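Here is a short tour for anyone meeting this structure for the first time. Have a look at it below, and then we'll walk through it piece by piece.

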Amino acid sequence: MGSSGARTLCLMRHGKSSWADESLTDIERPLNERGRTQVPEIALRLKAAGIRPSLIMASSAKRTWSTAKLAADVLGYPHEFLHRERDLYLADVATLREHVVAQDARFRCLLLCGHNPGLTEFVAELAPGLTDNVPTSAVACFTAHAQDWPSFFEADVSLARYETPKLAWPAS
C-alpha cells in the first residue's frame, strides 16, 4: 500500500457533567467529580493499549474541553496542541465525519471528544450493534489501513477498543 498504514480514530464522549449551577448554559457546564475521575481512568486504559493520539480535538463546551485536557495529561499530549472546534458542539454524524476527513494525513491517530446523540450515532455507523448509547467518559477506537483520512471511511474499518467506565473490550 505504499505510504498507507494503520490509522486509528477514537471517539470519546465527554465526562459526566455537573448540573449544580442551574444558571449555567449547557455549553458552560463543567465536569463533576465522577467525570474528573473517570476520564483519566479511561485515558489510562488507552495508554496501556498503546493508543497515542497525534491530534486531539474537542468541542467548545467546557465539559468536553476539560475531558480533552484530562485525557491529554494522561496520554502525554501537550495542551498547546489541543484543538477546540466550535462546530463539534452537539455535532451530528456528518459534521463529525467532516472534521475527521479534513485532518492532515500526517496524523495517524485522532481522538475526538464530543457529545451525544451525534457521537453514539457515529459509533453505531462504524460498529453496528455495539451500543445504543455511548456513556459519559466512554471511548470507541476504530482502525483501518488507509493512506489518508478521507480514505479511512472507504477502508475496512474495525473496532479496536471500546472502553466505558464499566466495560473494557477487548478485555485486558
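Let's start with one residue, Pro30: its relative accessible area is 23%, so Pro30 counts as partly exposed. You'll find Pro30 in the loop between strand E1 and helix H1 (33-48). Setting aside residues up to four places away in sequence, Pro30 touches Ser17, Ser18, Leu24, Lys62 and Arg63. Ala20 is 10 residues from Pro30 in sequence, and the two C-alpha atoms are 9.5 Å apart. Compare that with Glu41, which sits 11 residues from Pro30 in sequence and 18 Å from Pro30 in space, C-alpha to C-alpha. Glu41 belongs to helix H1, and with a relative accessibility of 40% Glu41 counts as partly exposed.

**The whole chain**

Before going further, keep in mind that this is a predicted model. The chain has five helices and seven strands. Following the sequence, they come in the pattern β-α-β-α-β-α-β-α-β-α-β-β. How does the radius of gyration of the chain fit a compact globule? For 172 residues, such a globule would have a radius near 16 Å, and the chain has 15 Å, which agrees. Along its principal axes, the C-alpha trace spans about 55 × 35 × 35 Å.

Contacts tell us something about how the chain folds back on itself. Take the contacts between residues at least 6 apart in sequence: 71% of them join residues at least 24 apart. Of the 172 residues, 49% count as buried. On the outside, the chain exposes about 8,300 Å², with carbon and sulfur atoms supplying 51% of that area. As for charge, there are 19 positive and 20 negative charges, and their mean positions are 6 Å apart.

**Inside the core**

Nonpolar side chains tend to be buried together in soluble globular proteins. Here, the largest nonpolar core holds 49 residues. Which of its members touch the most others? They are Leu9, Leu11, Leu111, Phe122, Phe142 and Phe152. Leu9 gives a good feel for this: beyond four places in sequence, Leu9 touches Val100, Leu110, Phe122, Leu126, Ala140, Cys141, Phe142, Trp149, Phe152 and Phe153.

**Around helix H4**

Phe122 also brings us to helix H4 (residues 118-126), whose buried residues are Gly118, Leu119, Thr120, Phe122, Val123 and Leu126. What do these buried residues pack against? Their partners are strand E1 (5-13), helix H3 (93-101), strand E4 (109-114) and strand E5 (139-146).

You can follow the link between H3 and H4 through Leu96. Leu96 is part of helix H3, and its relative accessibility of 2% means Leu96 counts as buried. Leaving out neighbours within four places in sequence, Leu96 is in contact with Leu88, Ala91, Leu112, Gly118, Leu119 and Phe122. Leu96 and Phe122 are 26 residues apart along the chain, yet their C-alpha atoms are separated by 7.8 Å.

Gly118 shows the link from the other side. Gly118 is in helix H4, and at 2% relative accessibility Gly118 counts as buried. With neighbours within four places set aside, Gly118 is in contact with Ala91, Asp92, Val93 and Leu96. Thr136 is 18 residues from Gly118 along the chain, and the C-alpha atoms of the pair are separated by 13 Å.

**Backbone details in the loops**

A few loop residues are worth a look for their backbone geometry. The peptide bond from Asn116 to Pro117 is cis, with omega near 5°, and Pro117 lies in the loop between E4 and H4. Two residues have a positive phi even though neither is a glycine: Leu90 and Ser137. Here they are side by side.

| Residue | Phi | Loop | Relative accessibility |
|---|---|---|---|
| Leu90 | about 55° | between strand E3 (83-85) and H3 | 45%, partly exposed |
| Ser137 | near 75° | between H4 and E5 | 0%, buried |

Is Ser137 buried or exposed? Because its relative accessibility is 0%, Ser137 counts as buried, whereas Leu90, at 45%, counts as partly exposed.

Key: Residues numbered from 1 in each chain as written. Predicted model: local features only at pLDDT ≥ 70, side-chain atom pairs only at ≥ 80, totals over all residues. Heavy atoms only, no water. Core = buried A, V, L, I, M, F, W, Y, C linked by side-chain atoms within 4.5 Å. Buried < 20%, exposed > 50% of the residue type's maximum accessible area, 1.4 Å probe, protein only. Contact = heavy atoms within 4.5 Å. Helix = DSSP H or I, 4+ residues; strand = E, 2+ residues; numbered from the N terminus. Rg over C-alpha atoms; globule rule 2.2 N^0.38 Å. Areas by Shrake-Rupley, 256 points an atom, 1.4 Å probe, with all protein chains shown as cover. Lys, Arg positive; Asp, Glu negative; His and termini not counted. Charge placed at Lys NZ, Arg CZ, Asp CG, Glu CD.
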